[in-house]
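Please open the structure in your viewer and keep the selection tool ready. This tour proceeds from one selection to the next and states what is to be found at each stop.

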Amino acid sequence: AAPTIILQIIITIVFYDSIWIKANKNITRSLVAQLKTIEEMYQNDKKNLDFFTDSYKNNFNFEIGIVREKLPEISGERRFSPMDRSLRRELKSTFGNNNYWFSTSKFKNAVEIKIKSKDDVLQFLVPKELVSASSVRLFVLWTTLPSIALIIIALIFLKNQTRPIIKLAEASE
């Protein structure tokens with residue numbers, strides 16, 4: 001059982017580090033680039049803003065609103081969530097400190113993002129699929145179930161292999 005458990009731990013760490021985190025980083029970077037494009041469009045061309053926001057709503061399932069308020073003081077992010085960490089890193093590098101706010105836990109299937117743009121605040125409701133890859137549960141399922149099955153098979157084989165040795169030891173006594 002030990003080699004199977006060690007192999008599973010190594011595979012999980014390698015996959016998690018190299019594929020899942022990089023995929024989330026690229027997904028989040030793409031989303032933040034889209035948000036930056038919308039913010040720049042809002043600053044430069046307010047005449048076509050309705051067409052642009054409707055286009056994003058229809059094609060990317062974004063909800064975009066413009067409110068005249070300050071950003072919330074209380075942070076809506078979770079410190080140890082990989083999705084929040086990735087989103088915070090990308091928003092901070094694109095918009096700077098204190099120019100954004102987000103909450104990944106307020107809605108079940110959406111992320112609320114607010115971005116400060118001069119006197120206004122752009123408010124976005126974005127599907128969680130655009131922030132994070134949703135294959136974590138599937139990955140955990142595919143790594144744990146075969147491991148458990150292999151460990152059970154290994155224990156059965158080990159029991160069958162040690163039975164004759166135990167009988168021989170009893171006979172020799």
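**A tour of the strands, a helix and the whole chain**

Begin by selecting Ser 103 together with Glu 112, its bridge partner in strand S3. Strands here are DSSP runs of E with at least two residues, helices are runs of H or I with at least four, and both are numbered from the N terminus. The model is predicted, so that local features need pLDDT of at least 70 and side-chain atom pairs count only at pLDDT 80 or more, whereas totals for chains, interfaces and linings use all residues. Residues are numbered from 1 along each chain as its sequence is written, and side-chain values use heavy atoms, with hydrogens and water left out.

Next, select strand S2, residues 100-103, and S3: the two run antiparallel and are joined by four bridges. Two strands pair if DSSP finds at least two bridges between them. Six residues form the hairpin connection from S2 to S3.

Now colour S3 alone, residues 110-117. Is this strand mostly covered or uncovered? Seven of its eight residues are buried, meaning under 20% relative accessible area with a 1.4 Å probe and protein chains only (exposed is over 50%, partly exposed in between).

Add strand S4, residues 120-127, which pairs with S3 in the antiparallel sense over eight bridges. One of the places to inspect is Ser 117, whose bridge partner in S4 is Asp 120. The hairpin of S3 and S4 has two residues between the strands, and Lys 118 in the turn has a positive phi of about 55°.

Show side chains for Lys 114 and Trp 101. The charged end of Lys 114 sits over the ring of Trp 101, 5.5 Å from its centre; the rule asks for NZ of Lys or CZ of Arg within 6 Å of the ring centre and within 35 degrees of the ring normal.

Move to helix H3, residues 82-95, which has 14 residues and reaches 20 Å from its first C-alpha to its last. Its buried residues include Met 83, Leu 87, Leu 91 and Phe 95. After H3 comes Gly 96, with a positive phi near 85°.

Finally, display the whole protein chain, which contains four helices and four strands. Its radius of gyration, taken over C-alpha atoms, is 25 Å, well over the 16 Å that the globule rule (2.2 Å times the number of residues to the power 0.38) gives for 173 residues, so the chain is more spread out than a compact globule. Along the principal axes, its C-alpha atoms fill a box of roughly 95 × 30 × 25 Å.

Methods. The expected span of a helix is 1.5 Å times one less than its number of residues.
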